[in-house]
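Dear colleague,

I am passing on the structure we spoke about, so that you can open it beside this message. Below it you will find my notes on what turned up when I went through it.

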Amino acid sequence: MSFDLNHKLWIAANKEIGQLIKKQNRLKKIEPPEEKAISFKIFSELYVLYVELVNKLCFIYQHTFQVQKRTVVRTLVENATQQLMKLKEELKSMELNEYIYIDKVLISRKLTPRDLMIWRSPQFLYRRPLDIQNILAENKLYMNDEEKEISAAKDWEKVSEAIELIQAHERARRARVYKSNIKYNKKQYLEVQQRKKVNYRFTFKPNQAMSIPVKRTIFNADFIKTDEGCRDLRMSINENRDDLEDEEEQMKLNEIREKAASVIQSWWRAYKTKKIYKIKKQFKREMLGFKKVRKLKRPNQFKNSVLEMYKNEQLKAKLDEDFLNLINDERTRLLQLRSPWMMEDISDHIRAWFQEFYEKTMNFHAYPDPIKKGTVLVVIDETMTPLEFQETLNKKPMTKEEKKKQQDKKKAEKKKLRDKIKKEKIKEAKRRKKLKDAGIIDVGYVLASSKPIENIEKTIKQFSIDWRNIDEYLNKNHAPIKDWVIADELAKIHQELRELVDEYMRVEYELLRQALAKDQKVPYKPQKVKRAKAKKGKKKKKAVITDERPLSELYEELKDAGIIETISHKDFDEFIADFNFLADDSRDEDNLTTVGPAKADIKMVIEESMLGMSEFNITKPKSILLIGPLNSGKKLLCNIIASEIDAVFINLSPEKIFQYADNMNKFLALVMKVAKAFQPTILYIEEAHRVFIKKITPDIADINPRLIGSYINKKILKPIKPSDKIILLGTSNTPWAAKGGLKKAFQTTLLIPKCDYGTSFLLWLDLMTENAPDDMESYAYSALAKVLQAYNSGDITNNIAETLNVDRKMRLKSEALDPREFLEHFLSVQDPALFPPDAKLMDKFTKWFGKSNKFEKMRRKFLAAKAAKQKKK
């Protein structure tokens with residue numbers, strides 16, 4: 001991206017932040033709205049504004065290379081995303097739902113729900129250290145010339161295999177053409193006239209190239225028998241013209257020719273018009289979403305984008321290194337040039353302080369202790385004045401009782417202040433609880449108490465002060481601002497030198513006090529120095545057996561055992577789904593939605609959960625459980641999550657780990673060590689209900705499914721810190737078969753809903769566009785979506801793949817595709833026939849989900865309380 005575009009985007013984002021701060025400051029002063037709908041609208045508008053801001057700031061951060069500015073942008077991105085997640089939680093608590101619907105705000109801003117998608121891969125990828133990344137994959141960016149040649153040779157092997165396959169098919173095609181020509185005209189094609197005589201000698205050796213060079217132009221594929229040419233037609237016309245003697249016959253012939261020409265022209269114009277109309281109609285359908293164009297995906301698109309990201313990271317690392325070198329150079333220069341003068345100035349200032357006190361009080365102020373930053377207190381005027389010091393000298397020394405009374409008084413004052421603050425907090429909490437029970441949200445308090453908002457305001461204010469005299473547009477080389485480096489290093493050097501000077505001046509101070517005591521003939525007592533206590537190092541934990549082994553060896557061990565799996569790359573676009581556009585219009589009297597979520601709503605929640613797996617410090621759940629019927633897309637979502645964040649995929653399903661039953665502690669220690677070293681990491685458990693299953697059936701008794709159940713909380717979830725980019729993913733198609741431990745092990749539970757018409761239509765449209773001919777009418781997609789919408793997305797995908805197999809695709813030109821074939825596949829081809837999931841099954845999922853999801857519990861509790869009130873009335 002060009003520097004100019006990034007600079008313009010930054011100016012626009014800066015302006016948006018200023019407007020957002022003004023809006024929030026106005027909202028902080030408003031009284032709590034009595035209507036819940038007004039509060040919901042305010043938070044919805046702020047949520048949309050923050051989504052737009054986060055997307056813009058993330059893009060700017062990726063392409064900002066100047067070191068000092070990058071720190072500012074990163075702070076803004078992190079805090080804006082944190083505030084975004086807080087707003088989302090507030091909206092969820094108002095909706096009493098895991099999914100929020102803010103269609104009215106989107107319509108007013110002319111946006112769609114897809115514009116609220118925050119995830120931008122690979123912008124949110126977590127950067128692994130270079131040595132760790134090289135263990136996982138060959139990174140051409142950091143290879144030397146020899147390694148690049150070896151890698152290129154491997155790539156060419158695949159290309160050469162593809163070329164051989166294409167050549168074999170081409171030779172077979174030419175042979176078929178030649179054979180058909182011989183059947184049509186033996187005299188013309190039986191004898192092959194080659195351009196050059198080739199001596200053919202048969203030898204048999206493995207992997208030997210063909211002896212006869214085959215060229216594409218040797219054989220002519222002419223299937224049409226020669227007819228009368230235009231020359232023959234002209235000759236016949238001239239002969240007829242000599243035979244025609246009568247002018248009337250000539251006129252009749254001309255009329256026939258003109259009529260024939262007009263008919264040909266009219267048909268040609270009609271054909272051309274129909275063709276143009278068909279193209280326009282096709283374009284209109286594509287624009288309205290009734291028809292799609294086939295997607296041409298580059299095979300290495302994701303790898304290239306990640307490679308481009310690492311190139312940017314390499315440039316940033318070089319700029320960081322230059323910045324550190326500049327700091328070191330300036331520090332060395334300042335120490336050489338300025339340190340003697342600075343030490344002299346500091347010592348002169350301290351001596352002047354000694355002299356001032358001696359002249360006015362005939363005594364010396366106590367030397368500030370190192371624990372209180374030493375003589376820095378003198379500079380910032382936090383020591384006593386000579387007058388105050390004189391008063392303390394004239395006072396009689398306090399007895400132990402008086403000191404104790406004074407301490408007790410101070411403690412009582414502090415306690416009084418604490419109690420006062422506590423009472424105010426309790427009063428505020430009661431006020432807010434009272435408002436919350438009445439369904440009123442204190443918008444002003446929520447915004448005023450938000451630390452991310454404070455950090456954004458503070459950062460942008462400091463930026464406007466620091467950068468007001470700096471023209472960023474002139475700094476296209478991303479050079480650091482040298483004056484700031486000098487100022488920062490001077491402050492650090494001054495602080496370090498002051499500590500050193502304090503040690504010397506303390507000796508001089510004690511000599512002066514000793515001389516004064518001698519003059520006044522009083523006993524000399526050296527001052528006790530209070531120094532900061534050295535921090536005790538944390539006790540080292542007992543080393544695990546795997547600690548001394550190299551990471552590459554641990555990684556290969558798990559990979560060879562099949563615990564670490566290689567997954568194909570998939571992105572969120574491959575999870576085809578549509579949003580619920582009815583929920584916002586179907587609210588009840590309590591402003592709660594009465595219609596459940598669609599599949600795209602699930603995708604949005606998962607995308608937001610993955611934000612914590614990025615390099616930014618954002619809260620995320622440690623574990624997520626996806627429940628739903630078979631073929632509903634649970635495994636696909638787990639695959640997409642791992643692909644999008646470029647994570648190491650560790651499969652901890654019972655069939656994978658039952659072989660480690662003898663030493664589970666060692667195995668899980670190894671897994672967590674690898675997971676933390678190679679993060680981001682996905683820990684996956686397929687059919688997680690088996691881990692806490694109530695009754696072990698004979699078919700799964702061999703793999704001991706409950707083996708890992710007792711270790712999940714202590715050995716997997718507990719070691720995961722909030723900053724770790726590790727998440728536990730589980731899937732289940734019968735969660736009610738498990739005990740209560742399943743709900744405790746997974747913090748977030750998401751139910752994959754059944755297909756609705758919108759999702760079903762998009763599935764048929766997308767998949768048929770990729771597999772079916774373009775002449776299929778648009779009504780067929782709608783009919784298929786309507787008739788088969790109850791089937792799961794996986795069933796529909798399998799149906800299209802099996803119905804439109806290679807054999808059927810070859811017959812498409814001669815035998816048109818009938819939409820009823822897809823219905824027959826479910827009813828006739830499948831044995832037994834496949835029917836949609838039963839409504840009772842989905843009710844069972846909904847019931848279990850209601851008991852496990854936090855917001856569903858809150859909704860049920862609210863509705864139960866409301867029903868109880870109505871019953872009393």
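I begin with Thr-81, which sits in helix H3, the helix made of residues 67–95. Its relative accessible area is 0%, so Thr-81 is buried, and once the neighbours within four places in sequence are set aside, Thr-81 is in contact with Val-54, Leu-611 and Ile-618. Please keep in mind throughout that this is a predicted model.

As to the chain as a whole, the secondary structure comes to 31 helices and 6 strands, and 38% of the 873 residues count as buried. If one takes the contacts between residues at least 6 apart in sequence, 80% of them join residues that are at least 24 apart.

Staying with H3, this helix packs against helix H31 (residues 854–872) at an angle of about 35°, and the two axes are 9 Å apart. On the H3 side the residues that meet H31 are Glu-89, Lys-92, Ser-93 and Glu-95, and on the H31 side they are Lys-854, Phe-855 and Arg-859. The residues of this contact divide into 1 nonpolar, 1 polar and 5 charged.

A second helix pair reads differently on the page, and I set it out here for reference. The axes of helix H10 (residues 301–337) and helix H11 (residues 339–361) come within 4 Å and cross at roughly 55°, which means that H10 is oblique to H11. Leu-334, Leu-335, Gln-336 and Leu-337 in H10 meet Ser-339, Pro-340 and Trp-341 in H11, and the residues of this contact divide into 5 nonpolar, 2 polar and no charged.

Turning to the interior, the largest nonpolar core holds 82 residues, and those that touch the most other members are Tyr-47, Tyr-50, Leu-57, Ile-606 and Ile-682. Helix H2 (residues 36–62) gives the most to this core, with 14 residues. Ile-606, when residues up to four places away in sequence are not counted, touches Phe-572, Leu-626, Leu-637, Ile-641 and Leu-750. There is also a second, separate core of 44 residues, which includes Ile-650, Val-674, Val-691 and Leu-707.

Two residues in the loop between strand S1 and helix H19 can be taken together. Ala-577 has its place in that loop and, at 8% relative accessibility, counts as buried because the limit for buried is under 20%. Leaving aside its neighbours within four places in sequence, Ala-577 is in contact with Arg-114, Lys-599, Ala-600, Thr-759 and Leu-762. The C-alpha atoms of Ala-577 and Lys-603 are separated by 8.3 Å, although these residues are 26 residues apart along the chain.

Glu-589 lies in this loop too, between S1 (564–565) and H19 (599–609), but with 66% relative accessibility Glu-589 counts as exposed, since exposed begins over 50%. Apart from neighbours within four places in sequence, the contacts of Glu-589 are with Lys-866 and Gln-870, and the side chains of Glu-589 and Lys-866 are joined by a polar contact of 2.6 Å.

Finally, there are a few points of backbone geometry that you may wish to look at on the screen. Most residues other than glycine have a negative phi, and most peptide bonds are trans. Leu-96, although not a glycine, has a positive phi of about 50°; Leu-96 is placed in the loop between H3 and helix H4 (103–108) and, at 8% relative accessibility, counts as buried. Asn-704, likewise not a glycine, has a positive phi of about 50°, and is found in the loop between S4 and helix H23 (712–717), where a relative accessibility of 34% makes Asn-704 partly exposed. As for the peptide bonds, the one from Gln-679 to Pro-680 is cis, with omega near 10°, and Pro-680 is found in the loop between helix H22 (664–677) and strand S4 (681–685).

With best wishes

Definitions and conventions. Residues are numbered from 1 along each chain as its sequence is written. This is a predicted model: local features need pLDDT of at least 70, side-chain atom pairs count only at pLDDT 80 or more; totals for chains, interfaces and linings use all residues. Side-chain values use heavy atoms; hydrogens and water are left out. Buried means under 20% relative accessible area, exposed over 50%, partly exposed in between (1.4 Å probe, protein chains only). Contact means heavy atoms within 4.5 Å. A polar contact is a pair of N or O atoms within 3.5 Å; within protein, one must be able to donate a hydrogen and the other to accept it, and residues adjacent in sequence count only if both atoms are side-chain atoms. Axes are lines fitted to C-alpha atoms, for helices over the stretch in contact, and angles run from 0 to 180 degrees between N-to-C directions. Angles under 35 degrees count as roughly parallel, over 145 as roughly antiparallel, 65 to 115 as roughly perpendicular and the rest as oblique. Ala, Val, Leu, Ile, Met, Phe, Trp, Tyr, Cys and Pro count as nonpolar, Asp, Glu, Lys and Arg as charged, and the others, Gly among them, as polar. A nonpolar core is a set of buried Ala, Val, Leu, Ile, Met, Phe, Trp, Tyr and Cys residues joined through side-chain atoms within 4.5 Å.
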